[in-house]
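Me: I have a structure open that I have not looked at before. Can we go through it bit by bit?

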Amino acid sequence: MPKRLNLSKEIEKQLPAELVNFMWMAGEIAHTRGEKLYLVGGVVRDLMLGQANLDLDLVVEGNAIELAQRLKKNVNGKLTTHSRFNTAKLLWDNWSVDLTTARTETYEKPGALPKVTPGSLDQDLGRRDFTINAMALGLNPGFYGQPIDPHGGRDDLKNELIRVLHDNSFIDDATRIWRGLRYEQRLDFHLEKKTLGLLKRDTEMLKTISADRTRYEVECILKERYPEKVFRRAAELEVLPHLHPSLRGDGWLAEKFEQARKLSAPAPPEAGLYLALLAYPLTKEETDRFISRLKLPKALAQILIDTAVLKSKMRLLATPGLSPSGIFRLLEAYSSPAMVANSIATESPTASQNIHLYLTRLKYIEISLTGDDLIQMGVTSGPEIREIMERLQKARLDGEIASKENERELVREWLTKRD
Ligand code: ATP
């Protein structure tokens, strides 16, 4: 008889000792409570692939909240619970573990969130998106480390395939279209032939997905190491136009995202910069529509609006011999990611250099004299102060003066002329 597959060695090798100990202990406690506990989802997939993943998702055939309350005592952690879904999040030291009661889902209408009721592990795995995400590992003492793989996920991992569990998967939840592209591109896998056919058949179902859920998918893509790969594939499969028909997922975008990474290194670019580059090909009106399509939060929306408005100023910003104070005036009102996006995407090297000058030097230049200093020198309080401050700032930016003393001299000169 062939030896039963067991992944306890992989668990030990790839996860930190503290998490391994936690899982052992959790399995033992579940066992004494007469419950069955499993590790599920992405972490199982990544354990099998030999890739790091510390997002532990546990599923219990039993009561997740009660089990979590019991485990909380052992690790001296903090617990947040959702009684409606019977889920719990346990936090201690730097660790976080999600516990869920095994459940079954029914979709009342496409795109809506499903109706959830308690169920078995098999039912819980059966509601998942792809075979490679529908595997579990036992944690109870009797079957610790044993894989449960009812949908052939391990074979699909070996053959590098993304496969849905049933023909209606994308109809039930079209966000799986985005998820499928994301896993395919992240892992360098392929959508399995039939799954690809279903995806093409069902792209229209993306219309059933709310703005919030669509935005979440875009945010997840932007957190990938190479988001442009997902957008390229989305363009190829006519999925990208569902975000906006004028978006580009081609080599242009790949080049701009690569530049954004170089500029932001060692940290990855912030979502606002990626999003501004993605939306760069859109007109101002199209940008507004894209913002409402994704119901973007205010800060991100502002970055996109700034990007579109600044784009229309690039010709002015490319004027030869533009003074530093002229550059300052053109740029001061806009958010930094919008400027960086324009400096990456503009075709004018001069405009790009001017943005660089603003971001590295001009925006930090300040005058030293305060309003009180000016009043003491004889400036009338009110609009004159503001006017003089602006003139001083212009002189500072253009290098005509360089110290507090220079500022005083200039103000004295102006006051003599005024009187
Ligand atoms: P990642 O590495 O991107 O975090 P993950 O597999 O951990 O991948 P999550 O989005 O955290 O992904 O979801 C956890 C698990 O929940 C998935 O592995 C999958 O089994 C299931 N899941 C998530 N979203 C869906 C969905 N829309 N439809 C079905 N199952 C889903």
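Me: Which helix gives the largest share of the lining of the second largest cavity?
Reply: Helix 10 does, with 4 residues. Keep in mind that this is a predicted model.

Me: Which residues line that second largest cavity?
Reply: The lining consists of Arg215, Val218, Glu219, Leu222, Ala271, Leu275, Leu294, Leu296 and Leu300. Helix 10 covers 211-222, and together with helix 13 it makes up the elements that give two or more residues to this lining.

Me: How does the lining of the second largest cavity divide by class, and what volume does the cavity have?
Reply: There are 7 nonpolar and 2 charged residues, and no polar ones. The space inside is about 40 Å³.

Me: How many cavities of 30 Å³ or more are there in the whole structure?
Reply: The search finds 2.

Me: And what about the largest cavity, which residues line that?
Reply: Ala276, Ala279, Tyr280, Leu282, Thr287, Leu304, Thr307, Ala308 and Lys311 line the largest cavity. Helix 13 (271-279) and helix 15 (298-311) are the elements with two or more residues there.

Me: Which helix gives the most to the largest cavity?
Reply: Helix 15, with 4 residues.

Me: How much space is in the largest cavity, and what classes of residue line it?
Reply: About 40 Å³. The lining has 6 nonpolar, 2 polar and 1 charged residues.

Me: Changing topic. Where does the ligand sit?
Reply: In the largest pocket. Two elements give two or more residues to the shell around the ligand, namely helix 3 (42-49) and helix 8 (175-187).

Me: Which of them gives the largest share of the shell?
Reply: Helix 8, with 6 residues.

Me: How many residues surround the ligand, and which are the closest?
Reply: There are 15 around the ligand, and the closest are Arg45, Arg128, Asp173, Arg176 and Arg186. By class, the shell has 10 charged, 4 polar and 1 nonpolar residues.

Me: What does the side chain of Arg176 do there?
Reply: An N or O atom of the Arg176 side chain is 2.8 Å from a nitrogen atom of the ligand.

Me: And which ligand atom does Arg186 approach?
Reply: An oxygen atom: a polar side-chain atom of Arg186 lies 2.7 Å from an oxygen of the ligand.

Me: What about Asp129, is the contact from its backbone or its side chain?
Reply: From the backbone. An N or O atom of the Asp129 backbone is 3.1 Å from a nitrogen atom of the ligand.

Me: How much of the ligand does the protein cover?
Reply: On its own the ligand has 590 Å² of accessible area, and the protein covers 76% of that.

Me: Back to the pocket itself. How much space does the largest pocket hold?
Reply: About 1700 Å³. The pocket is lined by 43 residues, and Asp57, Arg127, Arg128, Arg179 and Tyr216 are the closest to its centre.

Me: Which elements supply at least two residues of the lining of the largest pocket?
Reply: They are helix 3, helix 8 and helix 10, along with strand 2 (56-61), strand 4 (87-92), strand 5 (95-101) and strand 6 (103-106). The largest share, 6 residues, comes from helix 8.

Me: How does the lining of the largest pocket divide by class?
Reply: Into 21 charged, 13 nonpolar and 9 polar residues.

Me: What volume does the second largest pocket have?
Reply: Its volume is about 300 Å³. Of its 16 lining residues, Leu263, Leu273, Val340, Ser343 and Leu359 lie nearest the centre. The elements that give two or more residues to this lining are helix 12 (251-264), helix 18 (336-345) and helix 19 (349-360).

Me: And the classes in the second largest pocket: how many nonpolar, polar and charged?
Reply: The lining has 9 nonpolar, 5 polar and 2 charged residues.

Me: Last topic, the backbone. Which residues does a cis peptide bond join?
Reply: Ala265 and Pro266, with omega at about 5 degrees. Pro266 is in the loop between helix 12 and helix 13.

Me: What is the phi of Asp93, and where does the residue lie?
Reply: Phi is positive, about 40 degrees, although Asp93 is not a glycine. Asp93 is in the loop between strand 4 and strand 5.

Methods. Residues numbered from 1 in each chain as written. Predicted model: local features only at pLDDT ≥ 70, side-chain atom pairs only at ≥ 80, totals over all residues. Heavy atoms only, no water. Near = heavy atom within 4 Å. Polar contact = N/O pair within 3.5 Å; in protein donor to acceptor, adjacent residues only side chain to side chain. Areas by Shrake-Rupley, 256 points an atom, 1.4 Å probe, with all protein chains shown as cover. 1 Å grid on protein atoms, 1.4 Å probe; cavity = no way out; pocket = protein on both sides within 12 Å on 5 of 7 lines; lining within 4 Å. Sits in = over half its atoms within 2 Å of the grid points. Nonpolar A, V, L, I, M, F, W, Y, C, P; charged D, E, K, R; others polar. Points joined across faces, edges and corners; volume = space filled by probe spheres on them.
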